[in-house]
Amino acid sequence: MLFCGASPEAASGMLPNRMPHVSFSSQFIFPPMSDSSSHDHAPLKADGFGTRAVHAGQQPDPATGAVMTPIYQTSTYAQAAPGEHKGHEYSRVSNPTRTALEGNLASLEGAEHGIAFSSGVAGIDAIVKSLRPGDHVVATDDLYGGTYRLLREVFEPLNIQTSFVDMSDPDAVTDAFTEDTALLWVETPTNPLMRLVDIEALAGRAHAHDITVAVDNTFATPYLQQPLTHGADLVLHSATKYLGGHSDLILGAVCTNSDEWAEKLRFQIKSTGAAPGPMDCFLTLRGPRPSTCAWSSTAPAPGGWRRCSMPTTRSGTCGIPAFPPTPATRWPRSKCRTTAA
Ligand SMILES: Cc1ncc(COP(=O)(O)O)c(C=O)c1O
(Lines give C-alpha, C1' and ligand atoms only; values in the text may rest on other atoms or scores of the structure.)
Protein backbone atom coordinates (compact mmCIF):
# COMPACT_ATOMS: atom_id res chain seq x y z
CA MET A 1 0.00 0.00 0.00
CA LEU A 2 1.50 3.28 -0.98
CA PHE A 3 -0.08 6.07 1.02
CA CYS A 4 -1.26 4.19 4.04
CA GLY A 5 -1.71 7.41 5.99
CA ALA A 6 -3.35 9.78 3.55
CA SER A 7 -4.96 12.71 5.33
CA PRO A 8 -8.73 12.44 5.46
CA GLU A 9 -9.18 15.43 3.17
CA ALA A 10 -6.81 14.15 0.57
CA ALA A 11 -8.11 10.62 0.76
CA SER A 12 -11.67 11.77 0.24
CA GLY A 13 -10.68 14.05 -2.61
CA MET A 14 -11.54 17.21 -0.68
CA LEU A 15 -8.15 18.72 -1.28
CA PRO A 16 -7.97 20.55 -4.56
CA ASN A 17 -5.51 18.95 -6.92
CA ARG A 18 -3.20 21.93 -6.96
CA MET A 19 0.00 21.54 -8.85
CA PRO A 20 1.51 24.99 -8.40
CA HIS A 21 4.84 26.13 -9.63
CA VAL A 22 7.46 25.56 -6.98
CA SER A 23 10.72 27.41 -7.04
CA PHE A 24 13.59 25.95 -5.09
CA SER A 25 16.92 26.77 -3.70
CA SER A 26 19.45 23.94 -3.51
CA GLN A 27 17.19 21.84 -1.31
CA PHE A 28 17.96 18.49 -2.86
CA ILE A 29 21.49 17.26 -2.86
CA PHE A 30 23.08 17.27 -6.28
CA PRO A 31 25.28 16.23 -7.91
CA PRO A 32 26.71 12.91 -6.69
CA MET A 33 29.18 13.27 -3.86
CA SER A 34 32.27 13.23 -6.07
CA ASP A 35 31.30 16.61 -7.52
CA SER A 36 31.42 19.40 -4.96
CA SER A 37 31.27 22.21 -7.46
CA SER A 38 28.41 24.41 -6.32
CA HIS A 39 26.81 22.80 -3.29
CA ASP A 40 28.70 22.99 -0.07
CA HIS A 41 27.02 20.63 2.37
CA ALA A 42 29.42 20.78 5.28
CA PRO A 43 28.10 17.69 7.06
CA LEU A 44 29.02 15.58 4.02
CA LYS A 45 32.59 16.78 4.09
CA ALA A 46 34.09 14.93 7.04
CA ASP A 47 33.16 11.52 5.70
CA GLY A 48 31.11 10.47 2.74
CA PHE A 49 27.45 9.68 3.21
CA GLY A 50 28.03 5.97 2.67
CA THR A 51 30.83 5.87 5.25
CA ARG A 52 28.67 7.60 7.81
CA ALA A 53 25.70 5.37 6.99
CA VAL A 54 27.83 2.33 7.83
CA HIS A 55 29.89 3.60 10.75
CA ALA A 56 28.51 6.73 12.40
CA GLY A 57 27.45 6.34 16.00
CA GLN A 58 28.96 2.88 16.30
CA GLN A 59 32.17 1.50 17.70
CA PRO A 60 33.29 -2.02 18.54
CA ASP A 61 31.49 -3.27 21.61
CA PRO A 62 33.67 -2.47 24.64
CA ALA A 63 32.79 -5.77 26.32
CA THR A 64 33.57 -8.17 23.46
CA GLY A 65 34.93 -6.23 20.51
CA ALA A 66 31.89 -7.16 18.41
CA VAL A 67 31.98 -4.82 15.43
CA MET A 68 28.21 -4.67 15.11
CA THR A 69 26.47 -2.89 17.98
CA PRO A 70 24.82 -5.61 20.11
CA ILE A 71 21.14 -5.59 21.03
CA TYR A 72 21.37 -4.52 24.66
CA GLN A 73 18.14 -6.23 25.65
CA THR A 74 18.07 -4.93 29.19
CA SER A 75 15.77 -2.72 31.18
CA THR A 76 18.24 -1.57 33.78
CA TYR A 77 21.97 -1.41 34.55
CA ALA A 78 24.04 -2.39 37.58
CA GLN A 79 25.38 0.54 39.56
CA ALA A 80 28.49 0.35 41.71
CA ALA A 81 26.76 2.72 44.11
CA PRO A 82 23.56 4.73 43.78
CA GLY A 83 24.03 7.06 40.80
CA GLU A 84 27.41 5.52 39.94
CA HIS A 85 26.84 3.97 36.53
CA LYS A 86 28.51 3.59 33.14
CA GLY A 87 26.31 6.03 31.23
CA HIS A 88 22.98 4.23 31.33
CA GLU A 89 20.58 3.82 34.23
CA TYR A 90 17.25 2.67 32.85
CA SER A 91 16.32 1.87 29.26
CA ARG A 92 13.31 4.18 29.06
CA VAL A 93 15.86 6.97 29.40
CA SER A 94 18.75 5.53 27.36
CA ASN A 95 20.11 2.27 26.03
CA PRO A 96 23.44 1.63 24.24
CA THR A 97 21.84 0.22 21.08
CA ARG A 98 19.55 3.26 20.93
CA THR A 99 22.49 5.60 21.53
CA ALA A 100 24.32 4.06 18.55
CA LEU A 101 21.27 4.52 16.33
CA GLU A 102 20.79 8.10 17.49
CA GLY A 103 24.39 8.92 16.64
CA ASN A 104 24.05 7.33 13.25
CA LEU A 105 20.87 9.19 12.30
CA ALA A 106 22.19 12.50 13.65
CA SER A 107 25.26 12.09 11.46
CA LEU A 108 23.18 11.41 8.35
CA GLU A 109 21.12 14.55 8.97
CA GLY A 110 24.22 16.62 9.78
CA ALA A 111 22.83 17.18 13.28
CA GLU A 112 24.31 17.45 16.74
CA HIS A 113 21.55 15.38 18.29
CA GLY A 114 19.45 12.40 17.28
CA ILE A 115 16.58 11.28 19.49
CA ALA A 116 14.87 7.99 18.71
CA PHE A 117 11.20 7.33 19.48
CA SER A 118 8.93 4.32 19.52
CA SER A 119 7.33 5.56 16.27
CA GLY A 120 7.33 8.52 13.92
CA VAL A 121 4.06 9.68 15.40
CA ALA A 122 5.60 9.54 18.89
CA GLY A 123 8.31 11.91 17.65
CA ILE A 124 5.72 14.33 16.28
CA ASP A 125 3.75 14.02 19.51
CA ALA A 126 6.82 14.86 21.59
CA ILE A 127 7.53 17.97 19.53
CA VAL A 128 3.97 19.29 19.77
CA LYS A 129 3.68 18.27 23.42
CA SER A 130 6.67 20.49 24.12
CA LEU A 131 4.49 23.49 23.21
CA ARG A 132 2.13 25.08 25.69
CA PRO A 133 -1.68 25.45 25.74
CA GLY A 134 -2.54 28.54 23.71
CA ASP A 135 0.33 27.99 21.28
CA HIS A 136 -0.53 27.82 17.59
CA VAL A 137 0.85 25.60 14.81
CA VAL A 138 0.94 26.24 11.07
CA ALA A 139 1.12 22.96 9.12
CA THR A 140 1.19 21.80 5.52
CA ASP A 141 -2.36 21.25 4.23
CA ASP A 142 -1.38 18.00 2.54
CA LEU A 143 0.30 15.81 5.13
CA TYR A 144 0.39 12.36 6.66
CA GLY A 145 -3.05 11.48 8.03
CA GLY A 146 -1.68 10.49 11.43
CA THR A 147 -0.09 13.91 11.83
CA TYR A 148 -3.39 15.55 10.89
CA ARG A 149 -5.30 13.36 13.37
CA LEU A 150 -2.81 14.12 16.14
CA LEU A 151 -2.98 17.87 15.56
CA ARG A 152 -6.77 17.99 15.20
CA GLU A 153 -8.02 15.35 17.59
CA VAL A 154 -5.40 15.22 20.32
CA PHE A 155 -3.92 18.70 20.51
CA GLU A 156 -6.83 20.95 19.54
CA PRO A 157 -8.84 19.83 22.60
CA LEU A 158 -5.74 20.71 24.64
CA ASN A 159 -5.86 24.21 23.18
CA ILE A 160 -3.00 23.89 20.73
CA GLN A 161 -4.69 24.95 17.49
CA THR A 162 -3.38 24.31 13.99
CA SER A 163 -3.90 26.16 10.70
CA PHE A 164 -3.40 23.98 7.62
CA VAL A 165 -1.93 25.97 4.76
CA ASP A 166 -0.87 25.47 1.13
CA MET A 167 2.87 25.91 1.56
CA SER A 168 3.59 26.42 -2.11
CA ASP A 169 2.52 30.00 -1.37
CA PRO A 170 4.96 31.51 1.17
CA ASP A 171 2.70 34.55 1.63
CA ALA A 172 -0.17 32.29 2.69
CA VAL A 173 2.12 30.81 5.30
CA THR A 174 3.11 34.20 6.65
CA ASP A 175 -0.55 35.27 6.66
CA ALA A 176 -1.38 32.27 8.82
CA PHE A 177 1.10 33.27 11.52
CA THR A 178 -0.45 34.70 14.65
CA GLU A 179 1.28 36.11 17.69
CA ASP A 180 0.82 32.67 19.28
CA THR A 181 2.38 30.67 16.45
CA ALA A 182 5.19 28.60 17.92
CA LEU A 183 5.72 25.86 15.35
CA LEU A 184 5.80 25.59 11.56
CA TRP A 185 5.21 21.97 10.56
CA VAL A 186 6.46 21.21 7.06
CA GLU A 187 6.17 17.89 5.28
CA THR A 188 8.09 17.62 2.01
CA PRO A 189 7.56 15.68 -0.15
CA THR A 190 4.03 15.48 1.18
CA ASN A 191 2.11 12.30 1.84
CA PRO A 192 0.00 11.63 -0.14
CA LEU A 193 0.33 14.12 -3.01
CA MET A 194 4.13 14.24 -3.23
CA ARG A 195 4.07 18.02 -3.36
CA LEU A 196 7.28 19.87 -2.55
CA VAL A 197 7.84 22.73 -0.15
CA ASP A 198 10.73 25.19 -0.27
CA ILE A 199 12.12 24.80 3.26
CA GLU A 200 14.58 27.66 3.02
CA ALA A 201 12.01 30.22 1.92
CA LEU A 202 9.65 29.32 4.76
CA ALA A 203 12.31 28.92 7.44
CA GLY A 204 13.44 32.51 6.90
CA ARG A 205 9.90 33.80 7.33
CA ALA A 206 9.24 31.64 10.38
CA HIS A 207 12.45 32.59 12.13
CA ALA A 208 11.66 36.25 11.61
CA HIS A 209 8.67 35.57 13.90
CA ASP A 210 10.66 33.39 16.31
CA ILE A 211 8.81 30.27 15.17
CA THR A 212 10.42 26.82 15.33
CA VAL A 213 10.59 25.02 11.99
CA ALA A 214 10.11 21.25 11.90
CA VAL A 215 10.36 19.23 8.69
CA ASP A 216 9.06 15.71 8.20
CA ASN A 217 11.82 14.29 6.00
CA THR A 218 10.46 10.75 5.92
CA PHE A 219 9.93 10.51 2.19
CA ALA A 220 13.07 12.29 1.01
CA THR A 221 15.51 10.58 3.45
CA PRO A 222 18.68 12.41 4.52
CA TYR A 223 20.34 11.07 1.39
CA LEU A 224 18.21 13.31 -0.82
CA GLN A 225 17.49 16.21 1.51
CA GLN A 226 18.96 17.53 4.76
CA PRO A 227 16.46 20.06 6.11
CA LEU A 228 18.79 21.45 8.79
CA THR A 229 21.07 22.77 6.06
CA HIS A 230 18.08 24.70 4.70
CA GLY A 231 17.16 26.36 7.98
CA ALA A 232 14.95 23.81 9.72
CA ASP A 233 15.33 23.45 13.49
CA LEU A 234 13.96 19.93 13.79
CA VAL A 235 13.85 17.00 11.37
CA LEU A 236 11.36 14.22 11.91
CA HIS A 237 11.58 10.73 10.47
CA SER A 238 9.22 7.86 10.43
CA ALA A 239 12.13 5.41 10.39
CA THR A 240 9.43 2.83 9.81
CA LYS A 241 9.78 3.75 6.13
CA TYR A 242 13.04 4.31 4.24
CA LEU A 243 15.43 4.53 7.20
CA GLY A 244 14.41 1.11 8.50
CA GLY A 245 13.93 0.01 4.96
CA HIS A 246 12.66 -3.51 5.55
CA SER A 247 9.00 -3.03 6.67
CA ASP A 248 9.75 -4.96 9.83
CA LEU A 249 9.68 -2.30 12.56
CA ILE A 250 8.02 0.88 13.80
CA LEU A 251 10.38 3.65 14.92
CA GLY A 252 10.75 7.41 14.77
CA ALA A 253 13.55 9.92 15.15
CA VAL A 254 14.07 13.63 15.54
CA CYS A 255 17.38 15.27 14.66
CA THR A 256 18.35 18.78 15.71
CA ASN A 257 21.25 21.12 16.34
CA SER A 258 19.41 22.72 19.23
CA ASP A 259 20.60 21.63 22.68
CA GLU A 260 17.42 23.07 24.13
CA TRP A 261 15.14 21.05 21.84
CA ALA A 262 17.19 17.89 22.35
CA GLU A 263 16.78 18.28 26.09
CA LYS A 264 13.05 18.91 25.78
CA LEU A 265 12.55 15.84 23.61
CA ARG A 266 14.62 13.56 25.83
CA PHE A 267 12.61 14.85 28.77
CA GLN A 268 9.43 13.87 26.93
CA ILE A 269 10.68 10.31 26.36
CA LYS A 270 11.77 9.98 29.96
CA SER A 271 8.50 11.41 31.25
CA THR A 272 5.94 9.98 28.88
CA GLY A 273 7.70 6.80 27.79
CA ALA A 274 7.82 6.74 23.98
CA ALA A 275 11.15 4.88 23.93
CA PRO A 276 11.99 2.45 21.13
CA GLY A 277 13.11 -1.04 22.09
CA PRO A 278 16.74 -2.08 21.56
CA MET A 279 15.81 -4.74 19.01
CA ASP A 280 14.07 -2.15 16.82
CA CYS A 281 17.04 0.21 17.20
CA PHE A 282 19.37 -2.57 16.06
CA LEU A 283 17.15 -3.33 13.08
CA THR A 284 16.92 0.34 12.15
CA LEU A 285 20.72 0.61 12.25
CA ARG A 286 20.80 -1.95 9.45
CA GLY A 287 18.69 0.28 7.20
CA PRO A 288 21.16 3.03 6.34
CA ARG A 289 24.02 0.63 5.53
CA PRO A 290 22.96 -0.14 1.97
CA SER A 291 21.21 3.20 1.76
CA THR A 292 23.22 5.03 -0.84
CA CYS A 293 22.24 2.34 -3.27
CA ALA A 294 18.71 1.63 -2.08
CA TRP A 295 17.43 5.14 -1.37
CA SER A 296 18.66 6.43 -4.68
CA SER A 297 16.98 3.68 -6.61
CA THR A 298 13.66 3.31 -4.83
CA ALA A 299 10.55 5.31 -5.46
CA PRO A 300 6.91 5.06 -4.56
CA ALA A 301 4.49 3.96 -7.21
CA PRO A 302 0.78 3.12 -7.23
CA GLY A 303 0.28 -0.32 -5.72
CA GLY A 304 3.41 -0.36 -3.64
CA TRP A 305 6.95 0.71 -3.12
CA ARG A 306 8.92 -0.36 -6.11
CA ARG A 307 12.49 -0.09 -7.17
CA CYS A 308 13.24 2.18 -10.03
CA SER A 309 15.78 4.82 -10.82
CA MET A 310 15.07 8.53 -10.52
CA PRO A 311 14.99 9.13 -14.24
CA THR A 312 15.96 12.39 -15.77
CA THR A 313 14.36 13.72 -18.88
CA ARG A 314 15.65 15.75 -21.77
CA SER A 315 13.98 18.76 -20.20
CA GLY A 316 16.31 18.31 -17.26
CA THR A 317 13.97 17.24 -14.47
CA CYS A 318 13.85 14.15 -12.32
CA GLY A 319 11.04 12.73 -10.31
CA ILE A 320 8.81 9.84 -9.55
CA PRO A 321 7.63 8.24 -12.77
CA ALA A 322 4.19 7.34 -11.44
CA PHE A 323 3.29 10.97 -10.76
CA PRO A 324 2.14 13.36 -13.47
CA PRO A 325 5.06 15.51 -14.61
CA THR A 326 4.11 18.90 -13.19
CA PRO A 327 6.33 21.47 -11.50
CA ALA A 328 5.04 20.29 -8.13
CA THR A 329 6.18 16.72 -8.61
CA ARG A 330 9.35 17.11 -10.63
CA TRP A 331 12.56 18.29 -9.07
CA PRO A 332 14.85 20.40 -11.16
CA ARG A 333 17.75 18.12 -11.96
CA SER A 334 20.18 20.66 -10.64
CA LYS A 335 18.52 20.41 -7.23
CA CYS A 336 18.25 16.73 -6.48
CA ARG A 337 20.50 13.78 -6.12
CA THR A 338 19.83 11.34 -8.91
CA THR A 339 21.36 8.13 -10.17
CA ALA A 340 20.70 8.96 -13.77
CA ALA A 341 23.27 10.70 -15.91
C1 LIG B 1 5.33 11.23 6.17
C2 LIG B 1 5.07 10.43 7.41
N3 LIG B 1 5.36 10.95 8.60
C4 LIG B 1 5.14 10.28 9.76
C5 LIG B 1 4.55 9.03 9.75
C6 LIG B 1 4.29 8.34 11.05
O7 LIG B 1 5.26 7.36 11.29
P8 LIG B 1 5.02 6.03 12.13
O9 LIG B 1 4.10 5.16 11.34
O10 LIG B 1 6.41 5.46 12.27
O11 LIG B 1 4.43 6.42 13.43
C12 LIG B 1 4.24 8.43 8.52
C13 LIG B 1 3.63 7.11 8.46
O14 LIG B 1 3.18 6.62 7.44
C15 LIG B 1 4.48 9.16 7.31
O16 LIG B 1 4.18 8.66 6.12
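## Strand β6 and its surroundings

Tutor: Let's start in the middle of things: β6 has both faces covered, with Leu234, Leu236 and Ser238 buried on one side and Val235 and His237 buried on the other. Keep in mind that this is a predicted model.

Student: What makes you call strand β6 largely enclosed?

Tutor: Count its residues. Strand β6 covers residues 234-238, and 5 of the 5 are buried, so the rest of the structure largely encloses it. The cut-off for "buried" is 20 or more other C-beta atoms within 10 Å, so each of those residues has to reach that count.

Student: Why do the buried residues of β6 split into two sets?

Tutor: That's what a strand does: side chains alternate between the two faces of the sheet in a regular strand. Here Leu234, Leu236 and Ser238 take one side, while Val235 and His237 take the other.

Student: How do you know that β5 and β6 pair?

Tutor: Pairing takes at least two bridges between the strands. β5 and β6 have 3, and they run parallel, with Val215 standing opposite Val235 of β6.

Student: And what makes β6 and β7 a pair?

Tutor: There are 5 bridges here, and the two strands run antiparallel. With at least two needed, they count as paired. One place to look is His237, which stands opposite Ala253 in β7.

Student: Why is the pairing in the sheet called mixed?

Tutor: Strands can pair either parallel or antiparallel, and this sheet has some of each. β5 and β6 run parallel, and so do β2 (residues 136-140) and β4, over 4 bridges, where Ala139 has Trp185 as its bridge partner. β6 and β7, on the other hand, are antiparallel. The full order of the 7 strands is β1-β7-β6-β5-β4-β2-β3, in an open sheet.

Student: What makes β1 and β3 edge strands?

Tutor: Each of them, β1 (113-117) and β3 (161-165), pairs on one side only. From one strand to the next, the twist averages 20°.

Student: Over to helix α7. Which of its residues are buried?

Tutor: Ile199, Leu202, Ala203 and Ala206, in a helix that runs from 199 to 208.

Student: How do you know that they sit on the same side of α7?

Tutor: By the arc they cover around the axis: it is only 105°, which puts them on the same side of α7. What they pack against is α6 (170-176), β4 (181-187) and β5 (212-216).

Student: Why is Arg266 called partly exposed?

Tutor: Arg266, in helix α9 (residues 259-272), has 16 other C-beta atoms within 10 Å. Buried starts at 20 and exposed ends at 12, so a count of 16 falls in between. The C-alpha atom of Arg266 also sits 9.2 Å from that of Ser94, although the two are 172 residues apart along the chain.

Student: What makes Asn159 and Ser247 count as exposed?

Tutor: Again, check the neighbours against the cut-off of 12 or fewer. Asn159 has 11 other C-beta atoms within 10 Å and is therefore exposed; Ser247 has 8, so the verdict is exposed for Ser247 too. Asn159 lies in the loop between α5 (145-155) and β3, and Ser247 in the loop between β6 and β7.

Student: What is there to notice about the backbone of Asn159 and Ser247?

Tutor: Most residues other than glycine have a negative phi. Asn159 is not a glycine, yet its phi is positive at about 65°, and Ser247 likewise has a positive phi, of about 55°. Add Asp210, just after α7, with a positive phi of about 60°.

Student: Where in the chain does Pro189 lie, and what kind of peptide bond runs from Thr188 to it?

Tutor: Pro189 is in the loop between β4 and α7, and the bond from Thr188 is cis, with omega near -5°. Pro192 lies in the loop between β4 and α7 as well, and a cis peptide bond with omega about 25° joins Asn191 to Pro192. Most peptide bonds are trans.

Student: Last one: how many residues surround the ligand, and which are closest?

Tutor: There are 16, the closest being Ser119, Gly120, Val121, Ser238 and Thr240. The shell divides into 5 nonpolar, 9 polar and 2 charged residues. Ser238 also takes us back to β6, where it is one of the buried residues.

Technical notes
Residues are numbered from 1 along each chain as its sequence is written. This is a predicted model: local features need pLDDT of at least 70, side-chain atom pairs count only at pLDDT 80 or more; totals for chains, interfaces and linings use all residues. A residue is near a molecule or strand if its C-beta atom, placed from the backbone, lies within 6 Å of it. Ala, Val, Leu, Ile, Met, Phe, Trp, Tyr, Cys and Pro count as nonpolar, Asp, Glu, Lys and Arg as charged, and the others, Gly among them, as polar. The arc is that of the directions from the helix axis to the C-beta atoms. Two residues are in contact if their C-beta atoms, placed from the backbone, lie within 7 Å. Axes are lines fitted to C-alpha atoms, for helices over the stretch in contact, and angles run from 0 to 180 degrees between N-to-C directions.
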